[in-house]
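I opened a fresh notebook page for this one. Time to jot down what I looked up and what came back.

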Amino acid sequence: CFFSFFFSLWLALQSQSVLLDIKQMNGGDCFKLYSTQLSFDNAEAKCVEDGGHLASVHSANEQTDLTAIMGQTTPLIGMKCTDAVTAHCTWSDGTNVDYSNFPAPGVLPLPAFGSCVHLDSTETIWYPWNCASPIGSFLCRIPFNAPVTTCTGDYVAYNGGCAALKKTMRSESDAEASCALEGGHLASIHTEADNSFYSTLASNQGLTNNIYIGLAWNTPGNKYKWSDESDVTFTKWANQFPNTVFGECVQMMLSTEFGTLGQWTNIPCSTQMAYVCWKPSGTTPIKADPVCPGIQFFYDKGTIYSPNFPVSIPSGQTCEYVMATAVGTKVSVSFPVFTTDANTKLYLYNGLDDMMPTSTLSGTVNPELSFESTTNVMKMVFTASAVTTGQGWQADFIATGDPVTDVPPTFDPLTQCPQQDYTADTYVYSPNWPNPYPPMSDCLYHIHSRDNRKLVVQFSQVDTEQCCDYVVVYDGPDNTSKVLGIVSGQNDATVKQFYSTGTTITLEFFSDSNNEGNGWIATVFDI
């Protein structure tokens, strides 16, 4: 209990519950005494958060030992009774009722005072208490060697796992997908203590709107169903509910709009609202959505995961990933994790337009290996087989080499054209860049490969008069060579790129007599 004491003390400070004492009984279970004003359900929720339940007492010796830690308190314990007969009482931890100490043997007097039970520090008699009324202290019983639940991020320990309130407004399906990505589901609720815990979790974080829980109407099964497939053993419907006329999903009310705080009503599943997740302790979060959303772009450096990583590989998908680094650098990618079946492939390509992959990966990949592009762009195409095995892959990419230095251009004082001859890798600009270009421009740019290789030119910013001011790209040493393309208009967001078939490329810029724009900038580098 020593580690458990310090861990529980830290949890108590976080939740503003005052932990007065903790005691291990004869090398067995731990008992924790809290001094906090809570009702039975909220006290039970706190004990469940600690990995136990409100205390059950099974012998006179346990009763005597508990008296030693109670001080002047009158703590609530985990018994509930339906009437004045002890045989009709139960412990919240589900253990047998084999001991009691009511004023008369086997009888709980004056049940009108309440169905719950508290102890008294001045005598060993048990007394009734109204379950809904807060009491100044309560006792938790934590099983011996109960695992300590460790939760991270916005998750808190609850019921052997981790629970979290998510304030991002989502539809029910998106909320469930968000919980699943972190290894769990929308919360299922099986006791009054569960319900109280989640309503308190939301209220304590200042939420006054309603929240999704994991219950929804299942039309094929003609019944309500929890998203985690657990049995529906508890409900807390508001008056006149359930009623699928109002929607097939279920919300917990944090207001009294249709009834009492914590009750449930139906809601359309498309409604955007906050929600609560629960996941088992130690669950590995899913790093990527099970369905890839078409082409994905990544810049500078980062980590990319296969769909549903690291749980499994969904079958029959094709996904594309484009990685781009600074001009002049190359993309280097390695795979710390790579496990697939032989028919599931990851293809690596130089740039966006290459038709032949430079590498094809499947099965396992040595994590010490790295794969490098010849340009600052690499594309990966992932195809999953019809019957997949393995957890998928993690790709870490970085830039290698030195980026091209953006040297301020110099311009001819008469024509305002920049220099004519360049060697890749380099930047080229419109006349007078970054200021508007002059009218009646006619500027040539001759670019040569530094390493006797092919070239690619990329236009990243373009602002010219669409009709009449334009750049012509020639596949060769001068403006008599084959035209690869013409660039004009506004093109800030999308990169335009052209590839040479040889070791030289030529640009020529024309402008008319009016309506000048801000100009353009392009990079040219070897591939």
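My entries below go through confidence, one sheet and one residue.

Entry 1, confidence. I'm working with a predicted model, so I checked the scores before anything else. The chain has an average pLDDT of 84, and 88% of the residues reach at least 70. Then I went looking for a weak patch: across residues 2–16, pLDDT stays under 50. For that stretch the model has 17 contacts beyond four places in sequence. Note to self: where pLDDT is low, the predicted coordinates should not be read in detail.

Entry 2, a sheet. I followed an open sheet of 5 strands, and its order reads 26-28-33-30-31. The pairing is mixed. Which strands stand at the edges? I found strand 26 (421–423) and strand 31 (482–487) there. Each has a single partner strand, so one side of each is left without a neighbour in the sheet. On average, neighbouring strands here are turned by 20 degrees against each other, direction ignored.

Entry 3, one pair in that sheet. I picked strand 28 (residues 442–448) and strand 33 (residues 504–510), which run antiparallel. I noted 7 bridges joining them. Tyrosine 445 has leucine 507 of strand 33 as its bridge partner.

Entry 4, asparagine 350. I located this residue in strand 21 (residues 345–350). Is asparagine 350 buried or exposed? Its relative accessible area is 14%, and under 20% counts as buried, so asparagine 350 is buried. A polar atom of its side chain lies 2.8 Å from the backbone nitrogen of threonine 374. Leaving aside neighbours within four places in sequence, I listed what asparagine 350 is in contact with: Thr358, Ser373, Thr374, Thr375 and Val377.

How values were computed: Residues numbered from 1 in each chain as written. Predicted model: local features only at pLDDT ≥ 70, side-chain atom pairs only at ≥ 80, totals over all residues. Heavy atoms only, no water. Pairing = 2+ DSSP bridges. Axes fitted to C-alpha atoms, helices over the stretch in contact; angles between N-to-C directions. pLDDT = per-residue confidence, 0-100. Contact = heavy atoms within 4.5 Å. Buried < 20%, exposed > 50% of the residue type's maximum accessible area, 1.4 Å probe, protein only. Polar contact = N/O pair within 3.5 Å; in protein donor to acceptor, adjacent residues only side chain to side chain.
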